[in-house]
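Please examine the model shown here with attention to its overall fold, its internal space and its charged side chains. The paragraphs that follow take these topics in turn.

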Amino acid sequence: MEEKKEIRSHSCLMSNRNSVALTGVREVVSFDENQVIMDTDLGLLTIKGKDLHVSRLTVEKGEVDVDGTVDQLAYSSNEAYRKEGQSLLARLFR
(Lines give C-alpha, C1' and ligand atoms only; values in the text may rest on other atoms or scores of the structure.)
Protein backbone atom coordinates (compact mmCIF):
# COMPACT_ATOMS: atom_id res chain seq x y z
CA MET A 1 0.00 0.00 0.00
CA GLU A 2 1.33 3.41 -0.93
CA GLU A 3 2.09 5.75 1.96
CA LYS A 4 0.51 9.19 1.65
CA LYS A 5 2.43 12.14 2.99
CA GLU A 6 0.64 14.86 4.86
CA ILE A 7 0.35 18.10 2.92
CA ARG A 8 1.97 20.82 4.95
CA SER A 9 1.34 24.51 4.67
CA HIS A 10 3.44 26.00 1.87
CA SER A 11 4.68 29.56 1.98
CA CYS A 12 7.22 31.58 0.04
CA LEU A 13 8.51 34.87 1.43
CA MET A 14 10.94 36.84 -0.69
CA SER A 15 12.76 39.90 0.64
CA ASN A 16 14.34 42.42 -1.74
CA ARG A 17 14.94 39.75 -4.40
CA ASN A 18 17.96 38.48 -2.46
CA SER A 19 16.47 36.13 0.13
CA VAL A 20 13.68 33.53 -0.11
CA ALA A 21 12.28 31.63 2.90
CA LEU A 22 10.14 28.60 2.07
CA THR A 23 8.04 26.11 4.01
CA GLY A 24 6.31 22.97 2.76
CA VAL A 25 9.41 21.70 0.94
CA ARG A 26 9.77 17.93 0.65
CA GLU A 27 13.18 17.80 -1.03
CA VAL A 28 15.78 19.98 -2.72
CA VAL A 29 16.07 18.17 -6.06
CA SER A 30 19.07 20.05 -7.45
CA PHE A 31 20.92 23.30 -6.99
CA ASP A 32 23.76 25.32 -8.36
CA GLU A 33 24.64 29.02 -8.37
CA ASN A 34 22.06 29.80 -11.11
CA GLN A 35 19.11 27.55 -10.23
CA VAL A 36 17.50 25.75 -7.29
CA ILE A 37 14.81 23.12 -7.91
CA MET A 38 12.75 21.78 -5.04
CA ASP A 39 9.79 19.47 -4.62
CA THR A 40 7.12 21.22 -2.56
CA ASP A 41 3.78 19.95 -1.40
CA LEU A 42 2.17 22.05 -4.17
CA GLY A 43 4.49 21.32 -7.12
CA LEU A 44 8.08 21.65 -8.29
CA LEU A 45 9.45 25.11 -7.59
CA THR A 46 12.34 26.45 -9.65
CA ILE A 47 14.22 29.52 -8.48
CA LYS A 48 16.52 31.08 -11.07
CA GLY A 49 19.06 33.81 -10.47
CA LYS A 50 22.71 34.52 -9.77
CA ASP A 51 24.99 33.49 -6.89
CA LEU A 52 22.21 31.34 -5.36
CA HIS A 53 23.01 29.42 -2.17
CA VAL A 54 20.84 27.15 -0.04
CA SER A 55 21.72 28.77 3.27
CA ARG A 56 19.40 26.68 5.47
CA LEU A 57 17.70 23.34 4.93
CA THR A 58 15.59 21.71 7.63
CA VAL A 59 14.26 18.51 6.07
CA GLU A 60 12.19 17.46 9.09
CA LYS A 61 10.26 20.75 9.06
CA GLY A 62 10.34 21.24 5.28
CA GLU A 63 12.00 24.64 5.54
CA VAL A 64 14.52 26.07 3.07
CA ASP A 65 16.23 29.47 2.82
CA VAL A 66 17.85 30.55 -0.44
CA ASP A 67 20.11 33.59 -0.72
CA GLY A 68 21.39 35.35 -3.84
CA THR A 69 19.95 37.47 -6.64
CA VAL A 70 16.52 36.04 -7.54
CA ASP A 71 15.39 36.57 -11.14
CA GLN A 72 12.52 34.09 -11.37
CA LEU A 73 10.25 31.83 -9.32
CA ALA A 74 8.26 29.24 -11.29
CA TYR A 75 6.00 26.36 -10.25
CA SER A 76 5.36 23.28 -12.37
CA SER A 77 3.70 19.91 -11.91
CA ASN A 78 5.61 17.40 -9.82
CA GLU A 79 3.56 14.35 -10.89
CA ALA A 80 6.16 12.97 -13.33
CA TYR A 81 8.93 13.60 -10.80
CA ARG A 82 7.06 11.74 -8.04
CA LYS A 83 6.19 8.79 -10.31
CA GLU A 84 9.91 8.17 -10.78
CA GLY A 85 10.13 7.45 -7.06
CA GLN A 86 13.62 8.83 -6.67
CA SER A 87 15.41 12.12 -6.77
CA LEU A 88 17.04 13.64 -9.83
CA LEU A 89 20.42 13.30 -8.14
CA ALA A 90 19.93 9.56 -7.64
CA ARG A 91 19.07 9.15 -11.33
CA LEU A 92 22.18 11.07 -12.37
CA PHE A 93 24.53 8.85 -10.38
CA ARG A 94 23.17 5.41 -11.37
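**Fold, cavity and salt bridges**

Of the 94 residues in the chain, 33% are buried. The model is a predicted one. Its secondary structure consists of six strands and two helices, and the order from the N terminus is β-β-β-β-β-β-α-α. Among the contacts with a separation of 6 or more, 43% join residues that stand 24 or more positions apart. The surface that the chain exposes amounts to about 6,400 Å², of which carbon and sulfur atoms supply 50%.

The interior may be considered next. A search of the whole structure for cavities of 30 Å³ or more returns one, and the largest cavity holds about 30 Å³ of space. Three strands each supply at least two residues of its lining, namely E3 (25–32), E5 (43–58) and E6 (63–76). Strand E3 gives the most, with four residues. The lining comprises Val25, Arg26, Glu27, Val28, Leu57, Thr58, Val59, Gly62, Glu63 and Val64. By character, five of these lining residues are nonpolar, two are polar and three are charged.

The charged side chains form a further set of links. In the whole structure, five salt bridges are found. One of them joins the side chains of Arg17 and Asp71, with an N to O distance of 3.0 Å. Arg17 lies in the loop between strand E1 (11–15) and strand E2 (19–23), whereas Asp71 belongs to strand E6, so this pair ties together parts that are 54 residues apart in sequence.

Asp71 also meets the side chain of Lys50 in a salt bridge, again given as 3.0 Å from N to O. Here the linked parts of the chain are strand E6, which holds Asp71, and strand E5, which holds Lys50, and the two residues are 21 residues apart. Arg17, Lys50 and Asp71 are thus linked in a network of salt bridges. How exposed are the members of this network? Arg17 is partly exposed, at a relative accessible area of 46%; Asp71 counts as partly exposed at 39% relative accessibility; and Lys50 counts as partly exposed at 47%.

Another salt bridge pairs Asp65 with Arg56, whose closest N and O atoms are 3.0 Å apart. Is each partner of this pair buried or partly exposed? Asp65 has a relative accessibility of 18% and therefore counts as buried, since buried means under 20% relative accessible area. Arg56, with a relative accessible area of 32%, is partly exposed.

Note on methods:
Residues are numbered from 1 along each chain as its sequence is written. This is a predicted model: local features need pLDDT of at least 70, side-chain atom pairs count only at pLDDT 80 or more; totals for chains, interfaces and linings use all residues. Side-chain values use heavy atoms; hydrogens and water are left out. Buried means under 20% relative accessible area, exposed over 50%, partly exposed in between (1.4 Å probe, protein chains only). Contact means heavy atoms within 4.5 Å. Accessible areas come from the Shrake-Rupley method with a 1.4 Å probe; for residues, only the protein chains shown count as cover. On a 1 Å grid over the protein atoms alone, a cavity is a set of points where a 1.4 Å probe fits but cannot get out, and a pocket is an open set with protein on both sides within 12 Å along at least five of seven lines; lining residues have an atom within 4 Å of a point. Grid points are joined across faces, edges and corners, and a volume is the space filled by probe spheres set on the points. Ala, Val, Leu, Ile, Met, Phe, Trp, Tyr, Cys and Pro count as nonpolar, Asp, Glu, Lys and Arg as charged, and the others, Gly among them, as polar. A salt bridge is a side-chain nitrogen of Lys or Arg within 4 Å of a carboxyl oxygen of Asp or Glu.
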